[in-house]
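Morning, everyone. I'll walk you through one model today, so have the sequence and the structure open while I talk.

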Amino acid sequence: MSENVVHLHKPTDPPTPDTAPTVLTVVPDAPPAVPVPLWVRSGRAVKTAVTHETIRATVRAAARHSLYTLNGGRIVARRTWDGRTGARYERMIRAAEAAGNLEAAEEWEERLQRFRAARHHRRMDLLHSPVEAAKGVAVGAGMSIGVLVALGVVMALNTGHVGDVVTPLSATVDFIALLIRIVQVVWGPTLSIGPFLALLALWSVGRKQHAAPAWALPANVRSGEGEPITPSIVVKALRDLGVPALARAIKEMGDAGASMLGPIRIAGCGVEVDVTLPSGVATNEVQNRRRKLAENLARHEHEVFITIPEAARTVRLWIADSGALDEPIGPSPLVTDESLTANYKSGKAPWGQDLRGDAAALSLYQRHLLVTGLSNQGKTASLRALALWLALDRSVQFWIADLKGIGDWAMFEGIAQVLIEGPSDDHVIQATEMVEDAVEEMNRRIETRRNDPTAVFPPLIVLVDEAQLAFMCPVVGDDKRPYGGSKATSRYFMAVRKIHNQGRAVDVLMWQGTQDPTDQNLPKLVREGAHTRASLVVGTESQAEMALGAKAVNAGAAPHLLRQGLDKGTLVVASDGITIPAGQASITVRTHFIGDEPAAEIADRAKALRDGATTLRVIDRDEERDALADVAAVLGDAPRLRTDEVLKRLHALDTAVYREWNNGRLKRLLEEHGEEPKKSHGVMVVRRDDVARALANRDADGSASAAE
């Protein structure tokens, strides 16, 4: 036990006669620290050493270079063995048999037989070569000596000295002796450094082939970022995909799976390769592992696309260059080329670029169109780009209902014959009536065509943006038929179906844009009636099937695998109006984005090409009634009423019209005619005299205008 220590503390305050000068405090010593056991300290030291980055890098470097040399020797030995034997041909035969390609197996077997026959002839020649070689050496030596003696005779005749006859021969002997001495001097060091040179050569072979485990490779090689796609990388990615039958088949193939691959072709900002799967492996087993395959290829999931070509048991991989799909594709030709025009019948709309970087153009001739996807992913912009191009054909007519109503289609005023903008049920009713009018126009054209088969009609595009609002509208008409829904009684549904059934024949076409497709907001019969179906990113595979059809999704179309927010404007398109690579059912298009200002400029160019169209902006239902007269009617004989009471009476007068009216809407009505609600005892009221004066002013203004 340690002794206590006495500490002297001075008081904090200055000393006074009544206070003691010092204070004695007894403080015990702190207990001594418990020593850390040796094994704990050793473990901590080992852990620090093992986890230190410098030591880890050193260990990786030592293992890497050692394995380069070891595996380089293995590679050289295998190459030598392949060159001296028929092992290569046997591997190719087994690979062809594993792939089920019997023709290729027979061809490789013929090559093997030819190789064995040539080898047999070489070995038989070696049995006679020693005698032939000895004869050749004797003849060569004799001829050489004869030449040297003849040269000596010439020298002796020239100089007059008989001894010069053997001078060339002795010089040759001296030269050979010099070479022997040089070899004797160099031989020892060569034997000493020869093994090191051989190891260096093996190390070089291993380094070029990256013949070491991934953990031992340098960081830039381990990441594989931007690494070019080679056959070995593709085969390794497929082998490690987690499909047991595929891994076993690749292991059994003598060529390590290389025979599965077609040629790797450059395709735009990436490469494309067809993979013939071995027997027992289905194409959907590869499709369902898209993310793992992409990561095995050192790519992100969105940088690898898997489609199913026509060839059996084959998948087509398109692999983008690292980061290439995040780069913008540039402006639309509609913006950059002011001289561009359109032709509805023979032209194609410049819509964007495919993944290969080629221009993607869409024919709109006699094709109903459906564009769908999640909200705020570029649906309206992609649909509007097609309409802007088609507007440059002066013969095309537009009837447009924008059920979003925020001005996305405002530039079509002066181009479209009908323009409806707004999200309310009343706007949906107007859009439904517009589509029904299009049905009547279609029937009129059909009847005209019956009487005159040569009759030609201007194309009519009936466009409804945010069409899901129409299908989900709960309003029921006076005829007891609902405007929305997907039953035979639904007015909007049936009108669209009629146009889908017969409109194409007389160039009455239905274009729809809808978001987040379901069976409720996009019925099956309507979506399958569109000739061109395009989908932005959607949430699930079932929604992808609703948007594009099961056939396209089963063949590899995957809008549900696009990145929400990052792949804005990227569409998966299924249509015969766009060039699709052979064997595929869809194509992925990165559309050009046209902002509001460029869109307005393109619309101005379209208006300049036209004679001028008077756009009918469908009047809101609250303006079809005489709202001011209705206010006067609900006031009756009362000198004034509170505004909320006036609104209640208006609702009772016509619920469909005044359902959404509020104090602000009522105030604007009176202000338009020079009056406004006033307060009475702190409550907003509407006065009968003010309304009467507003009616009188309006009538007077109308009479003056008529007189003018």
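Let me start with a definition: two strands pair if DSSP finds at least two bridges between them. Helices (H or I, at least four residues) and strands (E, at least two) are DSSP runs, numbered from the N terminus. Now the housekeeping. This is a predicted model, where local features need pLDDT of at least 70 and side-chain atom pairs count only at pLDDT 80 or more, while totals for chains, interfaces and linings use all residues. Residues are numbered from 1 along each chain as its sequence is written, and side-chain values use heavy atoms, with hydrogens and water left out.

So, on to the sheet at β19. Three bridges join β19 to strand β20, residues 683-687, and the two run antiparallel. If you want a spot to click on, S680 stands opposite V683 in β20. The open sheet here has three strands in the order β18-β20-β19, with antiparallel pairing. β18 (640-642) and β19 (678-680) stand at the edges with a single partner strand each, so one side of each is left without a neighbour in the sheet. On average, neighbouring strands of this sheet are turned by 50° against each other, direction ignored. For angles in general here, axes are lines fitted to C-alpha atoms, for helices over the stretch in contact, and angles run from 0 to 180 degrees between N-to-C directions.

There's another open sheet, this one of four strands, in the order β3-β4-β6-β5 and with antiparallel pairing. Which strands stand at its edges? They are β3 (265-267) and β5 (304-307), each with a single partner strand, so one side of each has no neighbour in the sheet. The average turn between neighbouring strands of this sheet is 30°, direction ignored. β5 is joined by four bridges to strand β6, residues 314-320, and they run antiparallel. In that pairing, T307 stands opposite R316 in β6.

Next, β14, residues 532-535. In a regular strand the side chains alternate between the two faces of the sheet. In β14, T532 and A534 point one way and R533 and S535 the other way, and all are buried. Buried means under 20% relative accessible area, exposed means over 50%, and partly exposed is in between, with a 1.4 Å probe and protein chains only. As for partners, β9 and β14 pair in the parallel sense over four bridges, with L369 opposite T532 in β14. β14 and strand β15 (residues 570-574) pair in the antiparallel sense over three bridges, and there S535 stands opposite V572 in β15.

Okay, helices. Two packed helices are described by the angle between their axes and the distance between the axes. The axes of α2 and α5 come within 7 Å and cross at roughly 90°. That makes α2 roughly perpendicular to α5; under 35 degrees counts as roughly parallel, over 145 as roughly antiparallel, 65 to 115 as roughly perpendicular and the rest as oblique. Residues of α2 in this contact (heavy atoms within 4.5 Å) include H65, Y68 and R79, and they meet α5 residues including L199, W203 and R207.

Then there's α7 (residues 231-239) with α8 (residues 244-252), packed at an angle of about 135° with their axes 8 Å apart. These two helices are therefore oblique to each other. V235, L238 and R239 in α7 meet L246, A247 and I250 in α8.

Last topic, the aromatics. A search of the whole structure finds six aromatic pairs. Rings of Phe, Tyr and Trp (its six-membered ring) pair if their centres lie within 6.5 Å; planes under 30 degrees apart count as stacked, over 60 as edge-to-face and the rest as tilted. Back at our helices, Y68 and W203 have ring centres 6.4 Å apart and planes at 65°, so this pair is edge-to-face. The pair links distant parts of the chain, with Y68 in helix α2 (residues 53-84) and W203 in helix α5 (residues 167-208), 135 residues apart. Is Y68 buried or exposed? At 3% relative accessibility, Y68 counts as buried, whereas W203 is partly exposed at 24%.

The rings of Y344 and Y365 also form a pair, with centres 5.3 Å apart and planes at 65°, so that one is edge-to-face. And finally, F398, W409 and F412 form one aromatic cluster.
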